[in-house]
Amino acid sequence: MNNTFFVLNGPNLNALGKREPGIYGGKTLADIEADCQSFAQSQGVTIDFRQTNHEGVLVDWLHEAGETSLGVALNAGAYTHTSVALHDAIRAISVPVVELHISNVHAREEFRHHSMIAPAVKGVICGFGPHSYTLALQALITLTR
Ligand code: DQA
């Protein structure tokens, strides 16, 4: 249990690698997980890396993370911009949550400029490509050490 951080991924992130590579790059989610696993190992922590296309599953996983993890790196995908349920789930747990995005959402369409979850999280990392994941993990490790 408690050397573990959750890395939670929302909708369409299972399609990384073939999905809009000009925006998200060529790495698959499995490649990103491998990067996160080796970073975690170098830091002496473990990660539980998951993806779902379903909003309610993310809510369940956030509740689970609140009971069994040290913190959460969350790429909520498009639910970032729409989900009151995710906002409330983050507020319902006491471990830190870092919002992350591969792309710089502020340099994209206007509907991506607003995050429903940003007011509920500890901080936001976006725009560093797949490296955003390890930056989010680094932030969580620093916060919890
Ligand atoms: C994303 C940005 C979101 O706007 C988008 O809906 C995604 C991916 C990112 O990682 O850049 O699915 O969260």
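In the predicted model, the axes of helix H3 (residues 55-68) and helix H4 (residues 84-92) come within 9 Å and cross at roughly 5°. Angles under 35 degrees count as roughly parallel, so H3 is roughly parallel to H4. The contact draws on Glu55, Leu58, Val59, Leu62 and His63 from H3. Across from them, H4 contributes Ala85, Leu86, Ala89 and Ile90. By residue class, the contact of H3 with H4 comprises 7 nonpolar residues, 1 polar residue and 1 charged residue.

Strand E1 (residues 4-9) is mostly covered. Of its 6 residues, 6 are buried. The burial extends to both faces of the strand. One side of E1 carries Thr4, Phe6 and Leu8, all buried. The other side carries Phe5, Val7 and Asn9, and these residues are buried as well.

E1 also pairs with two further strands, E2 and E3. Strand E2 (residues 46-51) runs in the parallel sense to E1, and 6 bridges join the pair. Within this pairing, Thr4 of E1 has Thr46 of E2 as its bridge partner. Strand E3 (residues 71-75) likewise pairs with E1 in the parallel sense, here over 5 bridges. Val7 of E1 is bridged to Ala73 in E3. Both of these E1 residues, Thr4 and Val7, are buried, and they lie on opposite faces of the strand.

Terms used. Residues numbered from 1 in each chain as written. Predicted model: local features only at pLDDT ≥ 70, side-chain atom pairs only at ≥ 80, totals over all residues. Heavy atoms only, no water. Axes fitted to C-alpha atoms, helices over the stretch in contact; angles between N-to-C directions. Helix = DSSP H or I, 4+ residues; strand = E, 2+ residues; numbered from the N terminus. Parallel < 35°, antiparallel > 145°, perpendicular 65-115°, else oblique. Contact = heavy atoms within 4.5 Å. Nonpolar A, V, L, I, M, F, W, Y, C, P; charged D, E, K, R; others polar. Buried < 20%, exposed > 50% of the residue type's maximum accessible area, 1.4 Å probe, protein only. Pairing = 2+ DSSP bridges.
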